[in-house]
Amino acid sequence: MLQFVTAGMALAKGFYGSRSAKEAAQRKARAIRQMAKYNAGVKEKEADSVKSVMEFETKRGAKSIYKAKSAQKVAASKDLANTPLEVLVDQASEMDTKLNSQRRNKLLQEQNLRQQAKVTRYTGEMQAQGAIAEGKAQARASLLGGISSAVGGIGAGMSGIKTAQANETYTQGSWWKY
């Protein structure tokens, strides 16, 4: 009789362990996803910050180019002999090129940060899926362990009945005495 109770307990333990493993895996996956979402959000904010800085610097740079060109025009109109117009145009062109280069670099930096955010989300999702798969494997192992223990307990109980029948100490309907 004790073997049958033990078998039932083992089966219940297997079912409970399976459910617990699945729930633990879901919690772990949820935590991984939340962390990935947070980290990706940080990267997105950094990208937004870079974009804001780029826009500000572009406006400021364009304003300084405008001022420099204006100053050069004034200087050129006052004294054409001492300030060649070509030099002034070259300086303005260099300032414009430098501004475009800075804008390009900031844009690349922003795109890189946004890509890092995507990779962070993807990596987090892959880790979450791995945690769920691991939990399912643990659940299966727990369930199979419980079933095999239950089968072993039932087998031991049946062998106890066979032994009692062989010793002629077993009577039909009185199995609870053993």
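A patch here is built from residues with over 30% relative accessible area and no salt bridge, joining like charges within 9 Å and nonpolar side chains (Val, Leu, Ile, Met, Phe, Trp, Tyr) within 5 Å. A salt bridge puts a side-chain nitrogen of Lys or Arg within 4 Å of a carboxyl oxygen of Asp or Glu. We're looking at a predicted model, where local features need pLDDT of at least 70, side-chain atom pairs count only at pLDDT 80 or more, and totals for chains, interfaces and linings use all residues. Residues are numbered from 1 along each chain as its sequence is written, and side-chain values use heavy atoms, leaving out hydrogens and water.

**View A. A nonpolar patch on the surface, with Phe15 in it.** Leu11, Phe15, Leu144, Ile147 and Val151 together show about 460 Å² of accessible area (Shrake-Rupley, 1.4 Å probe; for residues, only the protein chains shown count as cover). Helix 1 (2-78) and helix 2 (85-166) each chip in at least two residues; helices are DSSP runs of H or I, at least four residues, numbered from the N terminus. Helix 2 gives the largest share, three residues. Phe15 sits in helix 1 and counts as partly exposed because its relative accessibility is 48%, between the cut-offs for buried (under 20%) and exposed (over 50%).

**View B. Ser18, a buried serine in helix 1.** With a relative accessible area of 9%, Ser18 is tucked away as buried. Setting aside neighbours within four places in sequence, Ser18 is in contact (heavy atoms within 4.5 Å) with Ala139, Ser142 and Leu143.

**View C. Ser93 in helix 2.** Ser93 is partly exposed, at 39% relative accessible area. Ile65 is 28 residues from Ser93 in sequence, and their C-alpha atoms are 9.0 Å apart in space.

How values were computed
Buried means under 20% relative accessible area, exposed over 50%, partly exposed in between (1.4 Å probe, protein chains only).
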